[in-house]
Each structure stands twice: as structure tokens, then as C-alpha cells.
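Biologist: I'm new to reading structures. Could you walk me through how to look at a ligand site and at cysteines?

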Amino acid sequence: MSRNKNLQFDSKCVHSGISDYEFGPVVPPIYQTSTFKFESAEQGAALFKGEAEGYIYTRMKNPTVEAMENAIAELEGGHKSLGCASGMAAINTIFISLLQSGDHVVCSKSVYGPTLTLLQSIMSKFGVESTFVDTDVDGEIEKAMKPNTKIVYIETPANPMITITNLEAASKIAHKQGALLVVDNTFMSPALQQPFKFGVDVVLHSMTKFLNGHADVVAGIVVVKDEEMYLKMRKTLNQLGGVIDPLNSFLVHRGLKTLSIRMQRHCENAQLVAEYLENHPEVKWVRYPGLRSHPNYQVGLKQHSAPGGMISFELKGGFKAGEVVMNSVKLCALAVSLGGVETLIQHPASMTHLSMGAEARKDAGITEGLVRLSVGIENVKDIIEDIEQALVKISMLEKAEA
Ligand SMILES: *Cc1c(COP(=O)(O)O)cnc(C)c1O
């Protein structure tokens, strides 16, 4: 790892996690094997005792997985990382490792839907209580802290309202009470935001999104700051079993090589799309960290280097207008997920946040005309043209109904 230490971030994307392999390949081979032969009874024993370097069984450790894990730990500026079968497997690994019955979690109200459900209906069965607050509003985290709060859990920017939480302030509040700050960095990736710089304790990603970047893998990762935390998490992950496999590790590692240039194009495109939307008569408001109209624009400037590829906007025509746009786009794919090279569009009220129920949606500020865009790396002219022709359909429909 140390040989890349002085490289710039985009060079690290290309070179991180690569070590020397038999026959000198320039990329890590896919070690598609479930198990590894021991040379002798003594060597097997030494491996199990942790006295020798090597591999035993792929759920525990695999060279292809390890290469990807090293790469991401290096890009995030962490100590080590743990490849998981999905982003949710990563979140589960963190919760199960760090929490026990009687503990309390403070979590962003505006958060990835299944994360909220995991805390509310699964962790609660094991005696873990959670409070959901607007972590982007000053003072809200502090008010929710209890003597038994063990984790403050934040997404920034957060799903799906693109809310921005001040990481440095949140880490001070968490640490004052002896809690850990866990951050889901999926929306930004380490190319744009490195939470460890702001005192965050654990970083996680759905690698399904920007890290892999090609919408062909489901995977997650936990990045930790020290060996003690690593061993704790590794033990849990070994028992839970939600590990990533060698082939998916290889694909994510390949995706990382273009992370920096992909993120740059995502940001350039999203900025232009957001500005276009902000001036459109069918659009009530736009949330994008690159717009001065974002309520936490200044906080964003301090903690991410560019505004990312995710935009939310509200259609004046509400649910109906949302449906029209969904049914009219041609280039933008009507799909959940995000962070791939192709532009995706979705309507949270009828899709990702449907299971929350109308009441909770309202509470989280998810309105009926809310549309979320994951801006891809196509030519931005084509993206805007596609949205334009879809937005025109709203006024056509309104005229036809009048
Ligand atoms: C997708 C996503 C997850 C969950 O990841 P999976 O890989 O789908 O399990 C968690 N957090 C955020 C912000 C996400 O976008």
C-alpha cells in the first residue's frame, strides 16, 4: 500500500490495491476458489493461529477481495476495509458489531429507506432503540443524544432530499458522549468527500453505486480507522457471512480505476442539469449541493470538493406530473439505484420510499412530485434534451385537460 502514498488521488484510483502476483499480471487475478490448500499440518495450524500469512477459506479472506479492500481503504484514507455482499450487508455488519441490547442510535431522518427499516423493525427486536432526527439542522443531534447512545448514523448528502449534514460538528457531538459517528459516503465517494478527515469513525458505501459505477454489481464496504475496530468487524462479518465474492471484487476494483474521471463528469453534467431545472417553469425547486439555493451550501463547500451527481427536484404538478415525466423520458432510464454511467430517474413516492407510508414520507419531506435524478456521464446536451421533452409533456397534458 505504501508505494502509492505520495500519489495524487486520481493516480491512486488506478494503482491502489495492486500488488505482485504470479506471472506478473497488471491487474489482480480472480481467485475464484472457495478454499486454499495448506502445505502441511503445521502451516495449517499456523494460519489458524494467525501466526502465518496466507489464506484459509474465501469467506474469511481471498486475495482478489483483499486487493479491492486495500484499494478502497487507501482511497478513503482509512486503515483497512471489509468487502460485503451489499451496502445493506455492510450496514448490518456495523450495527451488529457495535451495538447490543439496551443501546441507542441517533440516525438521520432522511436516510436510505432500508437503513431506516433495519433500525426500526429489525434492530428494535434485539433491544436497540433509535431516534430519527434532521441531522442537517443545527442542534438536532445534540437534543436526541442519550447516555446510552452508541452510534450517530449519517448520510451526507442524504437520500433522497440531498440534505447535507456537517460532519465535523456531528463528530464532536457524538464523541462528547462517547458515541461513534458512522457515515454512509455512497453519494459522494472518496473522490469528492473523505469523512475520516472530519473525525468520522466508520465509513461505509454501497459499492453498487459510484464505486463500481457500472450498474452491474451489488456490493458494499466498511472502512475503519484502526486495527481494533477492524478485528471486531471482521469477526462479525465472518459469522454473519455477508461477504463479497471474488468476481464482484474484481469488477469493483476495475470500476475504481475510472472513479476520479467518472465523478468529474458526473459533477459537470449534474451542475448543468440542476441549473437548467432551476430555471424551468414546471419545477418548483431543485436540491443540488452545487446550487447556492441549497440550504447547506456553505457546509457542503467545507466537506466535499465537488457537488456530486445526485439531484432532487419537485414538480409543480405533483404526483400526476411525476408520472408523466417517468413515462416520457427516453434516454434517462426509469430505475432505482444510482451512481452508474447511465442517467437514471425515479419517483420516490411511488418507488423507493413507497414502503415508508405516506405519513413517514411527509415527515421526511418526501413530497408527491419529488423526482430524483442520478446524472450519468453521457453528453449533457442529450440528458437535458431528454428531460426537456418529458417536461413539455406535462404542459401538453395540462392543456388537454383544461
Ligand atoms: C443503495 C444504497 C444503500 C444500500 O446498498 P445496497 O448495495 O443496495 O445494499 C445504502 N446507502 C445508500 C446511500 C444507498 O444509495
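Biologist: Which atom of the ligand is 2.8 Å from the side chain of Ser-206?

Modeller: A polar contact is a pair of N or O atoms within 3.5 Å; within protein, one must be able to donate a hydrogen and the other to accept it, and residues adjacent in sequence count only if both atoms are side-chain atoms. Here an oxygen atom of the ligand sits 2.8 Å from a side-chain N or O atom of Ser-206. Asp-184 also uses a side-chain N or O atom, 2.6 Å from a ligand nitrogen, while Met-88 offers a backbone N or O atom 2.9 Å from a ligand oxygen.

Biologist: What kind of model is this?

Modeller: It's a predicted model, where local features need pLDDT of at least 70, side-chain atom pairs count only at pLDDT 80 or more, and totals for chains, interfaces and linings use all residues. Residues are numbered from 1 along each chain as its sequence is written, and side-chain values use heavy atoms, leaving out hydrogens and water.

Biologist: How many residues surround the ligand?

Modeller: Near means that a heavy atom of the residue lies within 4 Å of the molecule. By that cut-off 14 residues surround the ligand, with Gly-87 and Thr-208 among the closest.

Biologist: And how many disulfides are there?

Modeller: A disulfide is a covalent bond between the sulfur atoms of two cysteines. The cut-off is a pair of cysteine sulfur atoms within 2.5 Å, and the count is zero.

Biologist: Why does Cys-84 have no bond?

Modeller: Because its closest cysteine sulfur, in Cys-107, is 18 Å away, too far for a bond. Likewise, the sulfur of Cys-332 is 17 Å from the closest one, in Cys-267, also too far.
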